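Reader: I am in my first year and still learning to read models of this kind. Could you take me closely through one part of this one, and then follow the connections outward from there?

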Amino acid sequence: MNTPVDKFWLTTPMHEMSHEQWESLCDGCGKCCRIQFLDDDDTMLMQTDVACGLLDTDTLRCTDYDNRLSKVPDCVQITPETLKDYYWLPRSCSYKVVERGEDLPQWHHLVSGDPDRIHTLGHSLQGKLVSERDVPEEQVEERIIEWIAITD
């Protein structure tokens, strides 16, 4: 097991983390890469089981991470400064966990040393998403989902 000696996420303020430290916090759950929209009537966030076309739905990793912001108009870059703006990120998001000053869960790859543990324990959307490349645009809104445990 590759348990880190220094749990930097507990000792380093987010705005002082190196780029590598910040990026390593991502747990690879895939929850931020699904297509979502606001309902026109009540501004309720509607989430779908349709993933961004750049997301590899098997590995839950972006296939063009370095260029995603220029290729996907709705893609966002989560930073310590913008984190609060993304109210739609689930409470389980590692960035949100660290923002609250909590320790990362035991299944997180920085704690467990196993990047697949999040998937094997069911804390990710692996196997639950389809790519927007495979869904006609007019059918995306028909794919609104409600996952109670998985999105929290």
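Author: Leu 60 is buried in this predicted model, and the reason it counts as such is that its relative accessible area is 4%, while the cut-off for being buried is under 20%. Leu 60 sits in the loop between strand E3 (55-56) and strand E4 (61-62), and although Leu 60 is not a glycine, its phi is positive, at about 60°. That is worth a pause, since most residues other than glycine have a negative phi.

Leu 60 also belongs to a nonpolar core of five residues, whose members include Ala 51, Leu 125 and Leu 129. Ala 51 leads us from this core to a sheet, for Ala 51 has Ser 131 of E5 as its bridge partner. Strand E2, which covers residues 45-51, and E5 run parallel and are joined by two bridges, and Val 50 stands opposite Val 130 in E5. With E1, on the other hand, E2 pairs in the antiparallel sense, over four bridges, and here Phe 37 is the residue that stands opposite Met 46 in E2. Strands of a sheet pair through backbone hydrogen bonds, and they may do so in either the parallel or the antiparallel sense.

Taken as a whole, this sheet is open and has three strands in the order E1-E2-E5, with mixed pairing. Strand E1 (34-38) and strand E5 (130-131) stand at its edges, and because each has a single partner strand, one side of each is left without a neighbour in the sheet. As for E2, six of its seven residues are buried, so this strand is largely enclosed by the rest of the structure.

From E1 we can turn to the largest pocket, which holds about 1100 Å³ of space. Its lining is made up of 39 residues, and those closest to its centre are Cys 32, Cys 33, Arg 34, Cys 75 and Val 76. The elements that give two or more residues to this lining are helix H2 (19-24), E1, E4 and H4, and E1 gives the most, with four residues.

H4, in turn, brings us to the largest nonpolar core, which has 18 residues, with Trp 9, Met 17, Trp 22, Leu 25 and Leu 104 making the most contacts inside it. Helix H1 (8-11), helix H4 (94-99) and helix H5 (109-112) each supply at least two residues of this core, and the largest share, three residues, comes from H4. The core that includes Leu 60, where we began, lies apart from this one. To see one member more closely, take Leu 104: leaving aside its neighbours within four places in sequence, Leu 104 is in contact with Trp 9, Leu 25, Ser 94, Val 97, Val 98, Leu 110 and Val 111.

Finally, consider the loop between helix H3 (68-71) and H4, where Ser 92 has its place. Ser 92 counts as buried because its relative accessibility is 17%, and its side chain is joined to that of Lys 31 by a polar contact of 3.1 Å. Thr 82 lies in the loop between H3 and H4 as well, and its side chain reaches the backbone nitrogen of Thr 79 at 2.9 Å. Between Thr 82 and Asn 67 there are two separations to keep in mind, since they are 15 residues apart in sequence and 19 Å apart in space, taken from C-alpha to C-alpha.

How values were computed:
Residues numbered from 1 in each chain as written. Predicted model: local features only at pLDDT ≥ 70, side-chain atom pairs only at ≥ 80, totals over all residues. Heavy atoms only, no water. Core = buried A, V, L, I, M, F, W, Y, C linked by side-chain atoms within 4.5 Å. Buried < 20%, exposed > 50% of the residue type's maximum accessible area, 1.4 Å probe, protein only. Contact = heavy atoms within 4.5 Å. Polar contact = N/O pair within 3.5 Å; in protein donor to acceptor, adjacent residues only side chain to side chain. Pairing = 2+ DSSP bridges. 1 Å grid on protein atoms, 1.4 Å probe; cavity = no way out; pocket = protein on both sides within 12 Å on 5 of 7 lines; lining within 4 Å. Points joined across faces, edges and corners; volume = space filled by probe spheres on them.
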